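Work through the exercises below with the sequence and the coordinates at hand, and attempt each task before reading its solution.

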Amino acid sequence: MMGKKKKKALRAAAEHEHDAHGPMRALAAMGAMRALAPVAKATDEPPLLALGLGTLAIGAVLRRPALARSGARMVTSHLLATALKTVMKASVDRARPNVAGASPTLEKGHGTGDTNLNAFPSGHTAGAVAVAQSIAREAPAAAGVAKLVAGSAGVVQVARGAHYTSDVVAGAVIGWVSERIASWAIDAAGRLVEHRREASAEAEVEAHPS
């Protein structure tokens, strides 16, 4: 009985959000909204991954630890965010606003490969927020711009009818959590490497005292 109540509540919430997005869906149907497609593509998985890998490579070549570390954070955070949003997309079936029609879908997922039913959560937003938070952690001066771009990525997804607001919010949470976890792992690894380097140096001094 409780399961049925929860399912009914979720369906009601989905219908309310669908109705609230009515004006936005009408806007998304306009041809002018197609101009936003390139903006959305800029925060897709390949470009964001390429940005992280490029930053990591440049930092390594120029021997700039902070830059290389920032690239590592970007790549790790993005990969984790991608993994989490993929699991969630397979767990929830939700029709995108621009294809939902009069009957919005929000129910337990079946691992569907149909992108029209993979609205929840927003993968673009998850990746963009993960990368933006990674940049902000290493380069506070660039935090404002990075977060503005990430926020714009979410707004664009709603404006073009690809996602509901709750999809974008969920994606942002995934991106934020992913960056936190990835940064913790990277910082822990860095401390371990530094500790071993110091231990090795001390051992070297003891073996060859001056």
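**Exercise 1. Determine what share of the contacts between residues at least 6 apart in sequence joins residues at least 24 apart.**

Solution. Taking a contact as heavy atoms within 4.5 Å, one finds that 70% of the contacts in the chain between residues at least 6 apart in sequence join residues at least 24 apart. The model is a predicted one, in which local features need pLDDT of at least 70 and side-chain atom pairs count only at pLDDT 80 or more, while totals for chains, interfaces and linings use all residues. Residues are numbered from 1 along each chain as its sequence is written, and side-chain values use heavy atoms, with hydrogens and water left out.

**Exercise 2. Establish how helix α4 and helix α5 are oriented and which residues join them.**

Solution. Helices here are DSSP runs of H or I with at least four residues, and strands are runs of E with at least two, numbered from the N terminus. The axes, fitted to C-alpha atoms over the stretch in contact, with angles running from 0 to 180 degrees between N-to-C directions, come within 6 Å for α4 (residues 45-61) and α5 (residues 65-91) and cross at roughly 155 degrees. That makes α4 roughly antiparallel to α5 (an angle over 145 degrees). On the α4 side the contact includes Leu 48, Gly 52 and Leu 56, and on the α5 side it includes Ala 68, Val 75 and Leu 79. The residues of this contact divide into 13 nonpolar, 6 polar and 2 charged, where Ala, Val, Leu, Ile, Met, Phe, Trp, Tyr, Cys and Pro count as nonpolar, Asp, Glu, Lys and Arg as charged, and the others, Gly among them, as polar.

**Exercise 3. Describe the backbone at Arg 63 and state whether this residue is buried or exposed.**

Solution. Arg 63 is found in the loop between α4 and α5, and its phi is near 55 degrees, a positive value in a residue other than glycine. Its relative accessible area of 74% makes Arg 63 exposed (over 50%, whereas buried means under 20% and partly exposed lies in between, with a 1.4 Å probe and protein chains only).

**Exercise 4. Find how α7 is covered and how it packs against α8.**

Solution. Of the 16 residues in α7, 14 are buried. The axes of α7 and helix α8 (residues 143-159) lie 8 Å apart at an angle of about 175 degrees, and the two helices are therefore roughly antiparallel to each other. The residues of their contact divide into 9 nonpolar, 5 polar and 1 charged.

Terms used:
Parallel < 35°, antiparallel > 145°, perpendicular 65-115°, else oblique.
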